[in-house]
Amino acid sequence: MAELTKKQQQLLDFIEKTQQSTGFTPSYRDIAAHFGFRSMSTAVEHVGLIQKKGFLEKNAHKARSLRVVSPFQSLRRRMVDIPVFGSIPAGLPEDRRQEAKGCISIDVGSLGFKPTPRTFALEVRGDSMIGKHIIEGDVVVLEHGKTPRAGDVVAALIDNESTLKTFLLEKGAPFLRAENPRYPKLIPATELVIQGVMVALIRKCRSSP
């Protein structure tokens, strides 16, 4: 994009601030009055030059439809929303109901795989998976319905209690292993249900104490 002049940048800032504060795009009359232009044609000319430089877009069939364009718009990748179904214990299993608490928005390229309608996320609570570099407050992205392989990190219901652990097989029988020596391995007494296989990890930036 070509650079804006000082006046053009001021005009662009005015348009953006007006949209943010009122929800509406200022009219050419509003722009002319704010900047003390003698006629609306001067405002039209300035806006036209900003459009040519790629910082504004306008719907030709709709009045007052100016939209500020980010200079990084061309670099933007497709975003996806992944539902977050609360948290999951990375410690001893707990009886916990998972309900949608919101969603996280992230670009597909950062995930490294293509999400499906079965992709979901959980916030980690506990320290049993530190050996896999999964810590308290991390968000694990999981795929429901994916068959786990030995060594995969899974969200599971073991005897009807929820936990995040490593899936393993011993003589063909599945069990769950913690990645912290403080926790025992978990062998199901009656049932082991894999709710999702981890496919990505999202870590929040933490400030130093």
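Here are three short exercises on salt bridges and one buried residue in a predicted model.

**Exercise 1. Place E179 in the structure and work out whether E179 is buried or exposed.**

Solution, step by step:

- Start with the location. Look between β9 (173–177) and β10 (192–202): E179 sits in the loop there.
- Next, check the accessibility. E179 has a relative accessible area of 16%. Buried means under 20%, so E179 counts as buried.
- Now see what surrounds E179. Skipping neighbours within four places in sequence, E179 touches S128, M129, I130, G131, K132 and T166.
- Pick out T166 from that list: its side chain makes a polar contact with the side chain of E179, at 2.7 Å.
- Finally, look for a charged partner. E179 has a salt bridge with R177, and the closest N and O atoms are 3.0 Å apart. R177 is partly exposed at 35%, while E179 is buried.

**Exercise 2. Find the salt bridge partner of D127 and explain why the pair ties together separate parts of the chain.**

Solution, step by step:

- Find the partner first. D127 pairs up with R182 in a salt bridge, with the closest N and O atoms 2.8 Å apart.
- Then locate both ends. D127 is in the loop between β5 (119–125) and β6 (139–143), and R182 is in the loop between β9 and β10. The two are 55 residues apart in sequence, so the bridge ties those parts together.
- Last, compare the surroundings. With a relative accessible area of 27%, D127 is partly exposed. R182 comes out at 60%, and exposed means over 50%, so R182 counts as exposed.

**Exercise 3. Which residue forms a salt bridge with R203, and how many salt bridges are there in total?**

Solution, step by step:

- Begin at R203. The partner is D138, and the closest N and O atoms lie 2.7 Å apart.
- Trace the chain between them. R203 belongs to the segment after β10 and D138 to the loop between β5 and β6, so this pair links distant parts of the chain, 65 residues apart.
- Check how accessible each one is. D138 has 0% relative accessibility, so D138 is buried. R203 has 43%, so R203 is partly exposed.
- Now go for the total. The count comes to six salt bridges.
- One more thing to spot: E123, R125 and E136 are joined in a network of salt bridges.

Technical notes: Residues are numbered from 1 along each chain as its sequence is written. This is a predicted model: local features need pLDDT of at least 70, side-chain atom pairs count only at pLDDT 80 or more; totals for chains, interfaces and linings use all residues. Side-chain values use heavy atoms; hydrogens and water are left out. Helices (H or I, at least four residues) and strands (E, at least two) are DSSP runs, numbered from the N terminus. Buried means under 20% relative accessible area, exposed over 50%, partly exposed in between (1.4 Å probe, protein chains only). A polar contact is a pair of N or O atoms within 3.5 Å; within protein, one must be able to donate a hydrogen and the other to accept it, and residues adjacent in sequence count only if both atoms are side-chain atoms. Contact means heavy atoms within 4.5 Å. A salt bridge is a side-chain nitrogen of Lys or Arg within 4 Å of a carboxyl oxygen of Asp or Glu.
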